[in-house]
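Trainee: Could you take one part of this structure and walk me through it slowly? I'd like to see how two helices can sit against each other.

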Amino acid sequence: MEFPKINVSSKADIQYLADIWRANLYTNLEQQHGDMSQVQPLLDQWLEKVIEMSSASIDINGIPYREAIINDDVEPLDESLASKVQRQRAVAEDLMLKVAERRKRVPEQVKMLLDDALRRQAALADRIEFEQGEDEAADISEEDNGVKLERLDLVTQEFTSSLALLSGLKKTVSSNIARIDGAQAVVDETLP
């Protein structure tokens, strides 16, 4: 027949029980026999052996008695603190899932926004026309014409470099998504 384990919060609880047993034994024997000086060491040994024999059925703070007596770091169990820690772990796991989900979704959203910006800029660039009215054409000297052509070249170069930069960003977003997916797989494997 197997008996349920006795659960206590600390080593002091076991010592407290042993002290109660010892006090009861001494008082009962003193009342019946009087002088206890010769019997006292034998009773202490007997009490230690009783505790040692019952140690298989005792847990201190959820740890078996023999391990807990050796380990100095066994603390009394605080139920409210244990439940608070459990709630915080659940919150941390939820936050990790949210972060992982956002890490997966945000690069896709950035990629969509970049694609949209590229399409809009390309559409705007196709519609830009540089026209001069007849009155303006007569007033423009060759020097002004050269400055305007230079500006036109600068605008075209700036637009081309912007498109190249956006294309580069578009390529790096895809590689970053792959790296984040790999990191997420590692996180999923390490979390219990």
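Mentor: Buried residues account for 15% of the 192 residues in the protein chain. Keep in mind that this is a predicted model. The accessible surface of the protein chain adds up to about 15,600 Å², and 56% of that belongs to carbon and sulfur atoms. If you take the contacts between residues at least 6 apart in sequence, 63% of them join residues at least 24 apart.

Now for the overall layout. The protein chain has six helices and three strands, and reading along the sequence you get the pattern β-α-α-β-β-α-α-α-α.

Let's zoom in on the pair α1 and α2. Helix α1 covers residues 11-33 and helix α2 covers residues 40-54. To describe two packed helices, you give the angle between their axes and the distance between the axes. Here the axes come within 11 Å and cross at roughly 140°. An angle has to be over 145 degrees to count as roughly antiparallel, so α1 and α2 are oblique to each other. As for handedness, α1 passes α2 in a right-handed crossing.

Which residues do the touching? On the α1 side, they are Ile-14, Ala-18, Trp-21, Arg-22, Leu-25, Tyr-26 and Leu-29. Across from them in α2 you'll find Gln-40, Leu-43, Asp-44, Trp-46, Leu-47, Glu-48 and Ile-51. Sort this contact by class and you get ten nonpolar, one polar and three charged residues.

Two of those residues deserve a closer look. Start with Arg-22, which lies in helix α1. Is Arg-22 buried or exposed? Its relative accessible area is 18%, and the cut-off for buried is under 20%, so Arg-22 counts as buried. Skipping residues up to four places away in sequence, Arg-22 touches Gln-15, Asp-44, Leu-47 and Glu-48.

That list leads us over to Asp-44, found in helix α2. With a relative accessible area of 26%, Asp-44 is partly exposed. Leave out its neighbours within four places in sequence, and Asp-44 is in contact with Arg-22 and Tyr-26. Try tracing one more pair on the model: Asp-44 and Leu-25 are 19 residues apart in sequence, and their C-alpha atoms are 9.9 Å apart in space.

So, putting the close-up together: α1 and α2 are oblique, their crossing is right-handed, and Arg-22 in α1 touches Asp-44 in α2.

Conventions
Residues are numbered from 1 along each chain as its sequence is written. This is a predicted model: local features need pLDDT of at least 70, side-chain atom pairs count only at pLDDT 80 or more; totals for chains, interfaces and linings use all residues. Side-chain values use heavy atoms; hydrogens and water are left out. Axes are lines fitted to C-alpha atoms, for helices over the stretch in contact, and angles run from 0 to 180 degrees between N-to-C directions. Helices (H or I, at least four residues) and strands (E, at least two) are DSSP runs, numbered from the N terminus. Angles under 35 degrees count as roughly parallel, over 145 as roughly antiparallel, 65 to 115 as roughly perpendicular and the rest as oblique. A crossing is left-handed if the near helix is turned anticlockwise from the far one by less than a right angle, and right-handed if clockwise. Contact means heavy atoms within 4.5 Å. Ala, Val, Leu, Ile, Met, Phe, Trp, Tyr, Cys and Pro count as nonpolar, Asp, Glu, Lys and Arg as charged, and the others, Gly among them, as polar. Buried means under 20% relative accessible area, exposed over 50%, partly exposed in between (1.4 Å probe, protein chains only). Accessible areas come from the Shrake-Rupley method with a 1.4 Å probe; for residues, only the protein chains shown count as cover.
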